[in-house]
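Open the model in your viewer and keep the selection panel handy. We'll go from the ligand out to the helices.

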Amino acid sequence: MACGGWPVAQGAAVDDAAGAGPALYVVLVGPGGAGKGAIARELVRRDPSLWLSRSWTTRPRRPGEPEDAYVFVDRPTFEARVRAGGVLEWAEFLGHCYGTPWPDPPPGSDVLLEIDLQGAKQVRERRPDALVVLIAPPSEQVQAERLRGRGESEETVRRRVEKGRQELAEGALLADAVVVNDVLERAVGEVAGIIGARRAAVRGGELGDEPSGS
Ligand code: 5GP
């Protein structure tokens, strides 16, 4: 099977849905060019209790892309990791493999994932309480311009915009919230507000669970 194994939700990896592990999984999904990466970087810069996972990929590093944007590996290495149950989720996206190693955040941190829709569905299965936020570009024209700005070829831009239509339609069904990334600052503020509201709801629930009176 592509990317070396079975879908992890049916695989041998340990499942932490039983309550162990980080308090909250925040998953940013959305098409390429929506600006998920920029939003994720800004969120963790502002909020030290958010821990950004670094994915593995078999995609070659783009010119100018930071060395630590991913753990760049070859396909056999990726496949071995998946077979060993070493990923929370993985997906094949436009011919390359991408996967999230089991998160190991500092105690008390929430985990932030920036992944594709197939991966988000797997996280949702394992952690039904995950907060999934769909990031949408303001228009396909803006999306294409952002992709071109990353040095993508016209063919790749075309494929990504086309795939993006499907990701937006399916993502809207999965996501808890949709944020249009028209202006980065505004979009980051909106996502931060959504995370804050979920944290408050979770904390409120925990307080509500405490025995009353004494
Ligand atoms: P890119 O090649 O543009 O960096 O990423 C392509 C797509 O793969 C993006 O939608 C990105 O969010 C997604 N992606 C990045 N890391 C992961 C991962 O670990 N798992 C999954 N499922 N998708 C990922």
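Start by colouring domain 1 (22-53 + 110-209) and domain 2 (54-102): the shell around the ligand takes at least three residues from each. Those bounds come from an automatic or database domain assignment. You're looking at a predicted model, where local features need pLDDT of at least 70 and side-chain atom pairs count only at pLDDT 80 or more, while totals for chains, interfaces and linings use all residues. Numbering starts from 1 along each chain as its sequence is written.

Now select the ligand's surroundings: 15 residues, each with its C-beta atom, placed from the backbone, within 6 Å of the ligand. Closest are Ser 55, Ala 91, Tyr 98, Ile 115 and Gly 119. Strand E5 (87-93), strand E6 (96-101) and H3 each give two or more residues to this shell. Helices (H or I, at least four residues) and strands (E, at least two) are DSSP runs, numbered from the N terminus. By class, the shell holds four nonpolar, six polar and five charged residues; Ala, Val, Leu, Ile, Met, Phe, Trp, Tyr, Cys and Pro count as nonpolar, Asp, Glu, Lys and Arg as charged, and the others, Gly among them, as polar.

Next, pick helix H3 (residues 117-126) along with helix H5 (residues 154-174). Their axes lie 10 Å apart at an angle of about 15°, which makes H3 roughly parallel to H5 (angles under 35 degrees count as roughly parallel, over 145 as roughly antiparallel, 65 to 115 as roughly perpendicular and the rest as oblique). Show side chains: Leu 117, Ala 120, Lys 121 and Arg 124 of H3 meet Glu 167, Glu 170, Gly 171 and Leu 174 of H5, in contact by C-beta atoms, placed from the backbone, within 7 Å. That contact has three nonpolar, one polar and four charged residues.

Keep H5 and add helix H4 (residues 140-149). Here the axes come within 10 Å and cross at roughly 140°, so H4 is oblique to H5. From H4, select Glu 140, Gln 143, Ala 144, Leu 147 and Arg 148; from H5, Val 157, Arg 160, Val 161 and Gly 164. This contact divides into four nonpolar, two polar and three charged residues.

Notes:
Axes are lines fitted to C-alpha atoms, for helices over the stretch in contact, and angles run from 0 to 180 degrees between N-to-C directions. Two residues are in contact if their C-beta atoms, placed from the backbone, lie within 7 Å.
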